[in-house]
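User: Can you walk me through this one? Keep it short.

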Amino acid sequence: MLSAFIGAVLCITGYTLWLLRSDALASSFQQSALMARSFENALTQSLNATGQAASQALSGARGKAGLREVEADFAQILRGAPHLRSLSLINSQDRIVASSNPANVAQQVPTSDYLPLIHGPQTVLRLGTPWLGRDFAAGRAAEAGVGAGVATDGVSTLIPATLPLQGSEGLRLLVALNPDYFVNQMAQQLDGPVGMVEVLRLDGARLMTTNPEMPVGQTAYGKALALRFQEREFGQFEAELGQATLTAYRVSTLYPFVVLTHLYREVALARWVTEVTTVLGVLIPVLVVLSFLAWGLHRRQWLLQLQRAESERLQRVNAAFVFTHIREGIVITQADGSIIDVNDAFVRITGYSRAEVLGKNPRFLNSGRQDKAFYEAMWSELLATGQWRGEIWNRRKDGEVFAELLTISAVPDSQGKVQQFVAVFNNITSIKAYQDELEHSARYDPLTNLPNRVFLADRMRNAMTQAQRRQLLLGVVFIDLDGFKAINDHHGHEAGDQMLVTLAERMRLSLRESDTLARNGGDEFVALLADLAAPADAIPTLERLLEAASQPMDWRGQTLTVTASMGISFFPQSNKRTRDELLHEADMAMYQAKMAGKNRYHLSPGPVVPSCSEPVL
Ligand SMILES: Nc1nc2c(ncn2[C@@H]2O[C@H](COP(=O)(O)OP(=O)(O)OP(=O)(O)O)[C@@H](O)[C@H]2O)c(=O)[nH]1
């Protein structure tokens with residue numbers, strides 16, 4: 001973005017500078033053309049004025065017909081004409097016959113190559129090539145032609161021109177123009193360091209120049225330019241004169257010369273160069289700073305991208321590592337429940353391979369231990385809250401049922417619509433088994449596997465409630481073995497333990513399903529006889545219990561026998577009875593049985609009122 005901006009700024013700046021340069025060149029060309037026109041005009045005017053002044057002088061002197069008088073008039077004209085060195089009359093043999101400078105008289109001045117070339121009588125001004133020297137008398141024609149000529153630095157020159165004279169057969173006016181005068185005028189308007197001016201004859205011969213190092217008389221620029229002068233009277237072009245110039249020329253409409261103004265391109269563009277330097281001096285540092293900023297910004301973004309890509313890669317690697325190596329089983333499903341992926345732990349826990357489960361619904365793991373209502377509640381919570389957590393029993397491929405602690409999370413898309421479900425589970429079968437064991441040992445006697453005293457309290461509470469509800473009696477039988485200590489003492493504690501286990505089982509089997517036999521501790525047991533219509537209904541059971549307790553037990557080849565004494569209390573009674581009171585009454589009754597000779601039962605004497613509905617405590 002910033003690069004495009006910098007590029008655009010550079011393009012616009014470059015284009016603008018290029019326009020400014022073109023403007024500077026066009027304006028300099030225009031200035032050059034204006035100067036050429038002005039110099040040409042001044043030179044043409046001077047030649048016109050010279051011709052007129054000389055003609056007037058001659059017409060005035062014609063009556064006198066004396067050449068000395070003409071010379072005097074010429075001298076008179078010359079005093080007010082600094083652009084002339086001399087005025088002379090020249091005859092048809094190109095010899096001076098009269099002159100403002102008497103030393104010129106009899107001087108031969110060849111005019112045959114003066115321009116324009118004419119045959120027959122001269123009717124217009126004709127220009128010669130420069131002479132070296134202040135006047136014809138002490139001068140000589142400068143060598144003409146390509147590569148010839150003389151540098152005018154410190155050398156006086158003159159430019160000869162002939163003009164026709166009316167009515168003077170064979171005589172013409174010979175003017176020695178002072179180039180220094182014109183050169184000075186031109187140099188005043190065009191400083192040497194800025195450019196230079198030169199005046200050429202139409203054939204290219206240099207007549208004068210403000211550059212003293214350029215030879216006069218030399219034919220400059222070749223024929224092509226001379227032809228151009230003939231085709232167009234003004235024009236402009238770039239030239240190479242030691243240095244590049246913006247050259248304009250103007251051809252005189254009356255005389256055979258052309259003025260060329262050369263402005264040095266370097267000078268013409270100096271201001272533009274200053275502008276360019278200023279603009280670039282400001283712009284380039286700004287662009288450099290911007291470029292550095294852009295580079296820095298770009299580098300920072302690049303580094304951030306690298307960091308982000310690396311952290312995303314690490315996240316992916318970590319996620320993949322966790323997915324593969326975590327101990328928990330993971331199942332990922334689509335919103336419709338079909339499995340997209342499972343991890344190694346899933347395979348290990350369930351026994352199914354990945355290929356076997358892909359595309360299936362996880363319900364194939366269902367063990368049947370949870371009912372339909374369980375799953376409906378699960379889905380309802382999952383869809384409402386986005387998560388469900390609980391224990392569930394599933395079935396392995398080998399048929400074994402296992403318990404898992406399962407967390408299912410819904411994965412929504414940006415619109416909140418569920419895209420996937422991720423289920424993470426632990427096999428908690430062993431934990432569950434351990435929990436069950438703990439629970440069992442808290443409620444059951446480890447030796448006989450009968451409910452212990454704690455669990456008996458629970459069972460009694462339920463049985464008492466049932467009795468009240470059904471308006472039937474609950475019989476609480478307190479059982480204490482007779483002579484058990486002797487077993488321990490004579491046969492060892494182990495035999496005693498075995499006796500307790502054996503009798504417990506026998507007594508349990510002598511009860512109905514709905515009855516309970518618990519171990520109260522030591523050699524004491526408690527039986528709960530439910531649903532008795534009357535106290536007497538307990539008697540058959542008590543008899544069976546006595547029978548079961550008195551059955552002999554084989555112990556390592558010996559027959560061991562004990563008996564039991566029992567007391568029974570009933571619930572409900574007319575007076576309120578607590579659990580402990582019931583047990584105490586039964587215990588008291590058992591004690592009566594012991595007192596009466598053991599191996600018998602005794603009924604608690606408390607009045608029995610089956611219809612009584614006292615609260616259970
Ligand atoms: N082997 C064994 N003995 C136990 C256990 N719990 C208590 N005992 C013993 O059981 C005996 C119970 O004592 P008692 O009830 O006085 O003995 P008894 O011989 O039955 O006496 P009576 O009830 O008066 O007939 C004690 O010697 C206890 O040490 C047990 O778990 N295993």
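Analyst: Terms come up front: helices (H or I, at least four residues) and strands (E, at least two) are DSSP runs, numbered from the N terminus. This is a predicted model: local features need pLDDT of at least 70, side-chain atom pairs count only at pLDDT 80 or more, and totals for chains, interfaces and linings use all residues. Residues are numbered from 1 along each chain as its sequence is written.

User: Which elements each supply at least two residues of the shell around the ligand?

Analyst: Strand E20 (473-482), helix H12 (484-491) and helix H13 (493-509) each do.

User: Which residues come nearest?

Analyst: Asp-482, Phe-484, Lys-485, Gly-496 and Gly-522, out of 15 around the ligand. A residue is near a molecule or strand if its C-beta atom, placed from the backbone, lies within 6 Å of it.

User: What is the shell like by class?

Analyst: It has five nonpolar, five polar and five charged residues. Here Ala, Val, Leu, Ile, Met, Phe, Trp, Tyr, Cys and Pro count as nonpolar, Asp, Glu, Lys and Arg as charged, and the others, Gly among them, as polar.

User: Back to H13. How does H13 pack with H14?

Analyst: H13 and helix H14 (residues 539-550) pack at about 155°, with axes 8 Å apart. Axes are lines fitted to C-alpha atoms, for helices over the stretch in contact, and angles run from 0 to 180 degrees between N-to-C directions. The two helices are therefore roughly antiparallel; that label applies to angles over 145 degrees.

User: New topic: sheets. What is the strand order in the one with E16?

Analyst: E16-E15-E19-E18-E17, an open sheet of five strands with antiparallel pairing. Two strands pair if DSSP finds at least two bridges between them. Strand E16 (339-342) and strand E17 (387-395) are the edges, each pairing on one side only.

User: How many bridges join E18 to E19?

Analyst: Nine, between E18 (residues 401-412) and E19 (residues 418-427), which run antiparallel. Leu-406 has Phe-425 in E19 as its bridge partner.

User: And the sheet with E10, what's its order?

Analyst: E10-E9-E14-E13-E12, five strands in an open sheet, paired antiparallel. E10 (206-209) and E12 (234-240) stand at the edges with a single partner strand each, so one side of each has no neighbour in the sheet. The twist averages 25° from one strand to the next. Three bridges join E9 (residues 195-201) to E10, and Leu-200 stands opposite Arg-206 in E10.

User: Where does UniProt place the PAS domain?

Analyst: The unreviewed UniProt entry puts "domain: PAS" at residues 322-361. UniProt positions are in the numbering used here, feature names are shortened, and annotations may be inferred rather than shown by experiment. The span is 38% helix and 25% strand, and its end C-alpha atoms lie 24 Å apart.

Terms used: Angles under 35 degrees count as roughly parallel, over 145 as roughly antiparallel, 65 to 115 as roughly perpendicular and the rest as oblique.
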